Amino acid sequence: MRIFSGIQPTGQIHIGNYLGAISQFVQLQEKAECIFSIVDLHAITVPYNPQELSKNIFDAAVCYLASGIDPEKSILFVQSWIKEHTELAWLLSTVTPTGDLLRMTQYKEKSKQLRDAKAGLLNYPILMASDILLYKAEAVPVGQDQKQHLELTRTVAKAFNSRFGETFPVPRVILRESGDKIMALNNPKKKMSKTAPSGCLYLFEEPEAIKKKVMASVTDSGKKVKYDLEKKPGISNLLTIYSLFSGKPIKELEKKFKNSNYSSFKKSLAEQLIVSLEPFRRKKKELLTREVYVREVLRQGAKRAKVIAASTMAEVRQKMGLA
Ligand code: AMP
Ligand code: TRP
């Protein structure tokens with residue numbers, strides 16, 4: 001099975017990114033052919049700073065590697081280095097219904113925030129479909145917020161196949177049963193998001209900051225440590241995080257904290273997180289001193305990605321009568 005997924009090089013990775021997406025990548029690379037991309041061309045669809053972007057691309061590579069992506073097992077590369085992504089995106093735009101693009105929740109939300117949204121933001125999901133289809137990926141691990149984009153990718157794949165003949169597998173989404181939507185620590189009604197840093201707990205956070213953020217996290221006025229998404233979204237979010245990092249089922253945690261107040265539950269969660277995140281911090285520090293190695297991983301990754309991309313493009317051009 002071939003897997004593809006991407007993460008934007010926009011700032012630090014938070015535990016939502018890790019639990020929703022990257023931890024799945026790390027497991028999948030043991031049993032499938034995995035291709036992971038730092039999708040810089042997606043990151044430029046909203047206002048950005050060019051100097052920061054190039055630094056963020058390198059940083060994203062370090063973070064991917066530090067969080068367990070193994071370049072011996074997976075292909076890791078930078079999207080913009082492979083020109084076929086943009087070429088295929090253009091070709092796929094000719095079979096993508098405009099109405100579908102206008103209906104995308106992410107587009108609607110972001111364009112509202114920006115007021116003068118550009119065409120790149122509207123076309124974002126076509127580029128994402130092109131990332132996936134270029135490698136003929138069969139499955140795509142992502143967090144819940146990307147599910148709708150995946151649906152569109154399926155629509156595009158089917159439209160292309162029916163117009164030009166069987167070419168792309170119709171990829172399925174892989175979502176984590178729990179952890180596909182980690183909520184912000186300061187507002188459990190909103191998902192943890194890079195665009196709202198105050199609600200984020202970062203994967204490479206220092207112990208002091210972890211303690212502070214977890215202790216200050218927003219919960220409800222009740223007393224019981226119990227999973228209840230409706231009435232206790234804050235505690236439920238913390239229980240999900242605790243469970244995923246400790247490997248203990250939520251039921252077991254509820255039992256363990258049956259007689260505890262929120263504060264001692266949070267203290268214990270902070271301790272768990274400090275221990276669980278320590279290896280990531282250590283690995284990141286080490287990788288930051290090995291710049292040549294990290295750049296070489298990206299170079300090799302692009303070389304391998306290019307072979308697949310070029311072969312798909314030759315087929316697509318021929319099928320579309322462009323050869
Ligand atoms: P992004 O940071 O938007 O590039 O997202 C990278 C990956 O992390 C995507 O697969 C997202 O679906 C996933 N993701 C982002 N935020 C969360 C969250 N709060 N909970 C779970 N997964 C998330
Ligand atoms: N849109 C995704 C996000 O913001 C990132 C992404 C780009 C992606 N191309 C992809 C994810 C292809 C999966 C597959 O999270």
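The surroundings of the two ligands are described here for a predicted model.

Ligand 1 is surrounded by 17 residues, of which G143, D145, I182, M192 and K194 are the closest. By class, this shell divides into five nonpolar, eight polar and four charged residues, and its largest share, four residues, is supplied by helix α1, which spans residues 15-28. Several polar contacts involve oxygen atoms of the ligand: a backbone N or O atom of G143 lies 2.8 Å from an oxygen atom of ligand 1, while an N or O atom in the side chain of K194 is found at 2.9 Å from an oxygen atom of ligand 1, and an N or O atom in the side chain of N17 at 3.1 Å from an oxygen atom of ligand 1. Of the 490 Å² of accessible area that ligand 1 has on its own, 92% is covered by the protein.

Around ligand 2 there are 13 residues, among which Q8, Y124, M128, D131 and Q146 come nearest. The shell of ligand 2 comprises seven nonpolar, five polar and one charged residues. Both β1 (2-7) and α7 (119-134) contribute at least two residues each to this shell, with α7 giving the most, namely four residues. For ligand 2, the polar contacts involve nitrogen: an N or O atom in the side chain of Y124 is 2.6 Å from a nitrogen atom of the ligand, a polar side-chain atom of D131 lies 2.7 Å from a nitrogen atom of ligand 2, and the side chain of Q146 places an N or O atom 3.0 Å from a nitrogen atom of ligand 2. The protein covers 91% of the 370 Å² of accessible area that ligand 2 has on its own.

Methods. Residues numbered from 1 in each chain as written. Chains lettered and ligands numbered in written order. Predicted model: local features only at pLDDT ≥ 70, side-chain atom pairs only at ≥ 80, totals over all residues. Heavy atoms only, no water. Near = heavy atom within 4 Å. Polar contact = N/O pair within 3.5 Å; in protein donor to acceptor, adjacent residues only side chain to side chain. Areas by Shrake-Rupley, 256 points an atom, 1.4 Å probe, with all protein chains shown as cover. Nonpolar A, V, L, I, M, F, W, Y, C, P; charged D, E, K, R; others polar.
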